[in-house]
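Visitor: I'd like to walk through this one and ask how each label is earned. Can you show me the structure?

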Amino acid sequence: MTLALCRTVGEFRQACDQARRRGPLGLVPTMGALHEGHLALVHEARKRAKTVAVSIFVNPTQFGPAEDLESYPRDLEGDLQKCREVGVDVVFAPAPQEMYPVGERTRVRVTSLTEVLCGRARPVHFEGVTTIVSKLFAVAGPCVAVFGRKDYQQLKVIERMARDLLLPVEVVGHAIVREHDGLALSSRNAYLSADERRRALAIARGLAASTALFELGERVVAALAQPVVQSLASVQLEVDYISLAEPETLVVYEPHDSVGERALLAVAAIAGSTRLIDNVVLGEDPAPSVRPTE
Ligand code: AMP
């Protein structure tokens with residue numbers, strides 16, 4: 001099947017309705033500038049669905065006023081080419097006014113899960129995410145929607161939203177895809193200078209060391225966080241947070257607490273002006289495999 005490009009809500013709704021007559025529909029929401037991480041989500045969707053749709057929309061409402069909405073990388077032609085190469089059936093690339101009709105006044109907000117971790121530094125971010133994802137779900141209709149665990153908090157927030165709003169969508173998480181040296185793939189990695197790119201690897205290196213400690217039996221929060229703290233300090237990366245949290249409720253542990261058999265270790269750091277996030281679920285994910293860059 002050749003790739004169908006939908007530019008309007010009406011076209012995409014019709015394409016999804018038609019697709020569902022042939023079998024299950026898979027949806028991969030993205031902001032474009034596609035990389036191997038996004039394409040892994042497409043492959044995951046393909047395993048579960050007959051038709052795979054990718055949305056490409058740089059969603060203005062999830063960016064704060066001082067954030068990178070204007071400079072966010074955009075490359076629709078390149079993205080369409082990648083989508084063709086991996087056999088995506090439908091791409092939905094709407095203009096902002098399609099998703100936010102004139103006079104719009106509605107926001108979707110998930111409480112508590114959005115108030116920790118990234119929600120502290122990015123107070124409007126998750127409301128923007130849940131608003132746009134609920135709109136995408138409303139247009140696509142019943143489907144399997146695949147999200148990356150790179151944005152672990154986002155995945156949990158969307159799972160909660162889909163359950164709470166009784167949406168006919170199965171939300172599936174996919175493992176983080178990393179560069180050959182261990183850095184988690186991100187569209188924002190394109191902003192990094194060579195020096196920032198080298199220093200950014202300290203995040204995955206710290207997470208790997210913490211995972212090793214956990215596997216040796218360490219359960220105290222401060223001790224588990226320490227390798228990440230040290231690793232980031234060694235390359236002078238600015239820390240937003242290094243937190244351990246319960247992986248489903250995202251309740252953040254205190255330094256003297258002990259974690260259970262699974263714990264989210266999540267990091268946000270700033271390299272130059274680029275905000276980078278990464279995580280592992282201790283007790284579940286393998287340690288990121290980190291190799292020095294040549
Ligand atoms: P974005 O375009 O950055 O909004 O991301 C779209 C989707 O791709 C989200 O579900 C992300 O979690 C996912 N994603 C981005 N980077 C990665 C990665 N390195 N590994 C796995 N999923 C990713």
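Visitor: What makes β8 mostly covered?

Guide: This is a predicted model, where local features need pLDDT of at least 70 and side-chain atom pairs count only at pLDDT 80 or more, while totals for chains, interfaces and linings use all residues. Residues are numbered from 1 along each chain as its sequence is written, and side-chain values use heavy atoms, with hydrogens and water left out. As for β8, nine of its nine residues are buried. Buried means under 20% relative accessible area, with over 50% being exposed and anything in between partly exposed (1.4 Å probe, protein chains only).

Visitor: Which residues cover the two faces of β8?

Guide: On one side sit Ala263, Leu265, Val267, Ala269 and Ala271, and on the other Leu264, Ala266, Ala268 and Ile270, all buried. In a regular strand the side chains alternate between the two faces of the sheet.

Visitor: Why is Ser243 called buried?

Guide: Its relative accessible area is 12%, and the cut-off is under 20%, so the label fits. Ser243 belongs to strand β7 (residues 238-245); strands are DSSP runs of E, at least two residues, and helices are runs of H or I, at least four, numbered from the N terminus. Beyond four places in sequence, Ser243 is in contact (heavy atoms within 4.5 Å) with Leu117, Val252, Leu264, Leu265 and Ala266.

Visitor: How do you know that β7 and β8 pair?

Guide: Pairing takes at least two DSSP bridges between two strands. β7 and β8 have seven, in the antiparallel sense, so they qualify. Ile242, for instance, stands opposite Val267 in β8. Strand β8 (residues 263-271) is also joined to β9 by nine antiparallel bridges, with Ala266 opposite Asn279.

Visitor: What makes β7 and β9 the edges?

Guide: The open sheet runs β7-β8-β9. β7 and β9 (274-282) each have a single partner strand, so one side of each has no neighbour in the sheet. Helix α9 (residues 221-234) packs on this sheet, touching β7, β8 and β9.

Visitor: Why is the largest nonpolar core called a core, and how many residues does it have?

Guide: The term covers a set of buried Ala, Val, Leu, Ile, Met, Phe, Trp, Tyr and Cys residues joined through side-chain atoms within 4.5 Å. The largest such set has 47 residues, and Phe12, Met99 and Leu264 are among those with the most contacts inside it. Helix α6 (residues 125-140) gives the most to this core, with eight residues. Apart from it lies another core, of 26 residues, including Ala202 and Leu244.

Methods:
Axes fitted to C-alpha atoms, helices over the stretch in contact; angles between N-to-C directions.
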